Amino acid sequence: MPLPHVDTPVVARPSRLHSAWRAAHRPVTGVSRRLQLTAYAVPLVVLPSSLWRLPAAFDEGVSFGERMYIPSLSIVSELLAFTAIGLIAHWGEVFPRWIPRLRGRRVPTKAALIPAALGATILTLTFTILAVVNEIQGTTIRGDDLPDDFPGEAGGWEAAWFYVCYTPLTLWGPLLGVLTIAYYKRRRANRSAAT
């Protein structure tokens, strides 16, 4: 049976979730496409390691506390990674309307810059420098020898899968550092232009 003729096109209204998603990712004026891609890459470089650790929550002998901790670590890691988008988005410069008493006010530059700079430094030291050095030396962060059940020591597909999932994590700190410097320069230029 043929469909009835429609004279006016149907226009789909975006859902609230879709609108919120677009608003959260919309960059401010002056952010290059390269910086946008850098910011969007941050949650993506964290995602493989977050997904890799989830099956460990269901291993035999894992306590209830560990079952809660492992997924929580993955969720918190992704949420922290998502905050990098705030360094290019409107909500990183003006408080969103859902924050009481602060809605619509400008975010103080230092309120975003200090945590971002500290995060970039800590992540670079931990995942980029320390993790690589420890892997080469075959030690843990504390200096102990890697245990035999360490995923990278298992060999075969298990080790390959571990490295595929955790190697992108080495980029988290440096990418956040690039975004932090760009945020500082943009906010400083905007402040200079306003005066």
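Here are some exercises on this predicted model, each with a worked solution.

Residues are numbered from 1 along each chain as its sequence is written, and side-chain values use heavy atoms, with hydrogens and water left out. As this is a predicted model, local features need pLDDT of at least 70 and side-chain atom pairs count only at pLDDT 80 or more, while totals for chains, interfaces and linings use all residues.

**Exercise 1: the core**

Find the largest nonpolar core and work out which helices supply it.

*Solution.*

Step 1. Get the rule straight: a nonpolar core is a set of buried Ala, Val, Leu, Ile, Met, Phe, Trp, Tyr and Cys residues joined through side-chain atoms within 4.5 Å. Buried means under 20% relative accessible area, exposed means over 50%, and partly exposed is in between (1.4 Å probe, protein chains only).

Step 2. Apply it, and the largest nonpolar core comes out at 28 residues, with Val-42, Trp-172 and Leu-179 having the most contacts inside it.

Step 3. Now sort by helix, bearing in mind that helices (H or I, at least four residues) and strands (E, at least two) are DSSP runs, numbered from the N terminus. At least two core residues come from each of helix 2 (33-53), helix 4 (109-137) and helix 6 (172-194). Helix 6 gives the most, with six residues.

**Exercise 2: around Leu-179**

List what Leu-179 touches, then look back from Thr-38.

*Solution.*

Step 1. Use contact in the sense of heavy atoms within 4.5 Å. Skipping neighbours within four places in sequence, Leu-179 is in contact with Leu-35, Thr-38, Ala-39, Val-42, Ala-84, Leu-87 and Ile-88.

Step 2. Pick Thr-38, which has its place in helix 2. At 13% relative accessibility, Thr-38 counts as buried.

Step 3. Again leaving out neighbours within four places in sequence, Thr-38 is in contact with Leu-175 and Leu-179.

**Exercise 3: aromatic pairs**

Classify the ring pairs Trp-52/Phe-162 and Phe-127/Trp-172.

*Solution.*

Step 1. A pair of aromatic rings is described by the distance of the centres and the angle of the planes. Rings of Phe, Tyr and Trp (its six-membered ring) pair if their centres lie within 6.5 Å; planes under 30 degrees apart are stacked, over 60 edge-to-face, and the rest tilted. Searching the whole structure turns up six aromatic pairs.

Step 2. Trp-52 and Phe-162 sit 5.3 Å centre to centre with 65° between the planes, an edge-to-face pair. Trp-52 is in helix 2 and Phe-162 in helix 5 (residues 156-166), so this pair ties together parts 110 residues apart in sequence. Trp-52 is partly exposed at 23% relative accessibility, whereas Phe-162 is buried at 9%.

Step 3. For Phe-127 and Trp-172, the ring centres are 6.3 Å apart and the planes at 10°, so this pair is stacked. Phe-127 belongs to helix 4 and Trp-172 to helix 6, 45 residues apart, so to speak a link between distant parts of the chain. Phe-127 counts as partly exposed at 27%, and Trp-172 as buried at 8%.

Step 4. Then check for clusters: Trp-52, Phe-162, Tyr-163 and Tyr-166 form one.

**Exercise 4: salt bridges**

Trace the salt bridges that involve Glu-93.

*Solution.*

Step 1. The criterion is a side-chain nitrogen of Lys or Arg within 4 Å of a carboxyl oxygen of Asp or Glu. The structure holds two such salt bridges.

Step 2. Glu-93 meets Arg-106 at 3.8 Å, N to O. Both residues are in the loop between helix 3 (64-82) and helix 4, 13 residues apart. Arg-106 is partly exposed, at 48% relative accessibility.

Step 3. Glu-93 also bridges to Arg-186, with the closest N and O atoms 2.9 Å apart. Arg-186 lies in helix 6, 93 residues from Glu-93. Both Glu-93 and Arg-186 are buried, with Glu-93 at 6% relative accessible area.

Step 4. Put the pieces together: Glu-93, Arg-106 and Arg-186 are linked in a network of salt bridges.

**Exercise 5: an unusual phi**

Describe the backbone and setting of Arg-101.

*Solution.*

Step 1. Most residues other than glycine have a negative phi. Arg-101 has phi near 70°, a positive value in a residue other than glycine.

Step 2. Arg-101 lies in the loop between helix 3 and helix 4, and is exposed, with a relative accessible area of 77%.
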